[in-house]
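Colleague: I have a new model open and would like to learn how to read it feature by feature. Could you walk me through it?

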Amino acid sequence: MLTYTPVSEAGGVGKTTTAATLAVSHARAGHDVLAIDMDTQNGSLTYLFGPEYDRGDPNVDNLVRHLVGRPTGDFHDLTLEVEHGVDLIPSHNMLEDLHEFLLNEKDQAENFGESYSMFHQLHRVLREANVRDEYDVVIIDTAGKAGPILYNALVAVRNVVIPFEATAKGQESIEGLDDLVEGLEQSINVDVGVLSVVPIGYKDTRDQREVLNELHESGFPVPVIIGERGSLMEGCWRKQCSPYRYIEEHRDRKREYELRTLDQFDELARHLEQEAGLAQREVMA
């Protein structure tokens, strides 16, 4: 089983777009994919894939209810089938209060002399739902900041993909990648594997080449380098779809550099699948 969450210390590096594109690529390769949206912002996987869903409805069953042991339905009923058969658990506004909810549960457990880990609840929910038996790939998109949402995701998946800004700003964070991973490991007390660092927005300038050289020397896996594709990614958000659907249904003509970008995301997805030992399947044309 392949499980991971995209993480980045920097904002605006395409974390959610990367998660959505990889989810669709895995599905197009014949794998059963579960994408979990734990981002409290409106611009999340739920918005990008565009299912009809009211994230503000206080009465609807949602992931937070399951995390705190108060579900009103079956876990599998939370999923919505979106693009290319990806199953999505949408975000809900209750996520904004998850820390408080988990603290209350922890206090109640301790009052009864029971142990309670605030950061292992998503892992518990996925295990009890036998997700491993139904899906080949689980991707969790979370809020970027440290806290119970990110930590629950990390305990559940144990692996990260790191979108990386190939700029001078990004260069400053190369040294911080080790610190980022080490800090996450200390926070959740489990080992975190870095499946890939993904440079995004690469324009092949001299400064960017220097940044890229340093990144390669850092020892982190860098299977692909994604060029500047602002128009493509903005179009995806505008039409609420993955780059695959955007190019297939909304572009007036095929642009070779955009098709190359899809090939690179496919290459990255195959790399991640190989890392997890997933069997190679036939990729959709």
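Colleague: Let me start with one residue: in which loop does Glu-9 lie?

Modeller: Happy to help, and do keep in mind that this is a predicted model. Glu-9 sits in the loop that runs between strand S1 (2–6) and helix H1 (15–28).

Colleague: Is Glu-9 buried or exposed?

Modeller: The cut-off to remember is that exposed means over 50% relative accessible area. Glu-9 has 58%, so Glu-9 is exposed. Together with Asp-178, Asp-179 and Glu-182, Glu-9 forms a negative surface patch.

Colleague: Now the sheet. How do strands pair in general, and what is the order of the strands here?

Modeller: Strands of a sheet pair through backbone hydrogen bonds, and the pairing is either parallel or antiparallel. In this model, eight strands make an open sheet with mixed pairing, in the order S3-S4-S2-S5-S1-S6-S7-S8. Strand S3 (80–81) and strand S8 (226–227) are at the edges with a single partner strand each, so each has one side without a neighbour in the sheet.

Colleague: How many bridges join strand S7 to S8?

Modeller: Two bridges join them, and S7 (residues 193–202) and S8 run parallel. If you want a place to look, find Tyr-202, which stands opposite Gly-227 in S8.

Colleague: Let's turn to charged pairs. How many salt bridges does the structure hold?

Modeller: There are 11 salt bridges. For each one, check the N to O distance, then where the partners sit along the chain, then how accessible each partner is. Take Arg-28 and Glu-248, whose side chains meet at 3.1 Å, N to O. This pair links distant parts of the chain, with Arg-28 in helix H1 and Glu-248 in helix H11 (residues 243–249), 220 residues apart. Arg-28 is buried at 6% relative accessibility, whereas Glu-248 is partly exposed at 43%.

Colleague: What does the salt bridge between Asp-252 and Arg-255 look like?

Modeller: Their side chains meet at 3.3 Å, N to O. Asp-252 is exposed, with a relative accessible area of 66%, while Arg-255 counts as buried at 13%.

Colleague: And which residues are linked in a network of salt bridges?

Modeller: Asp-266, Arg-270 and Glu-273 are. Within this network, Arg-270 and Glu-273 meet at 2.8 Å, N to O. These two are three residues apart in helix H12 (residues 256–276), so about one helical turn separates them. Arg-270 is buried at 15% relative accessibility, and Glu-273 is buried as well, at 3%.

Definitions and conventions
Residues are numbered from 1 along each chain as its sequence is written. This is a predicted model: local features need pLDDT of at least 70, side-chain atom pairs count only at pLDDT 80 or more; totals for chains, interfaces and linings use all residues. Side-chain values use heavy atoms; hydrogens and water are left out. Patches are made of residues with over 30% relative accessible area and no salt bridge: like charges are joined within 9 Å, nonpolar side chains (Val, Leu, Ile, Met, Phe, Trp, Tyr) within 5 Å. Accessible areas come from the Shrake-Rupley method with a 1.4 Å probe; for residues, only the protein chains shown count as cover. A salt bridge is a side-chain nitrogen of Lys or Arg within 4 Å of a carboxyl oxygen of Asp or Glu. Lys and Arg count as positive and Asp and Glu as negative; His and the chain ends are not counted. The place of a charge is taken as NZ of Lys, CZ of Arg, CG of Asp or CD of Glu. Helices (H or I, at least four residues) and strands (E, at least two) are DSSP runs, numbered from the N terminus. Buried means under 20% relative accessible area, exposed over 50%, partly exposed in between (1.4 Å probe, protein chains only). Two strands pair if DSSP finds at least two bridges between them.
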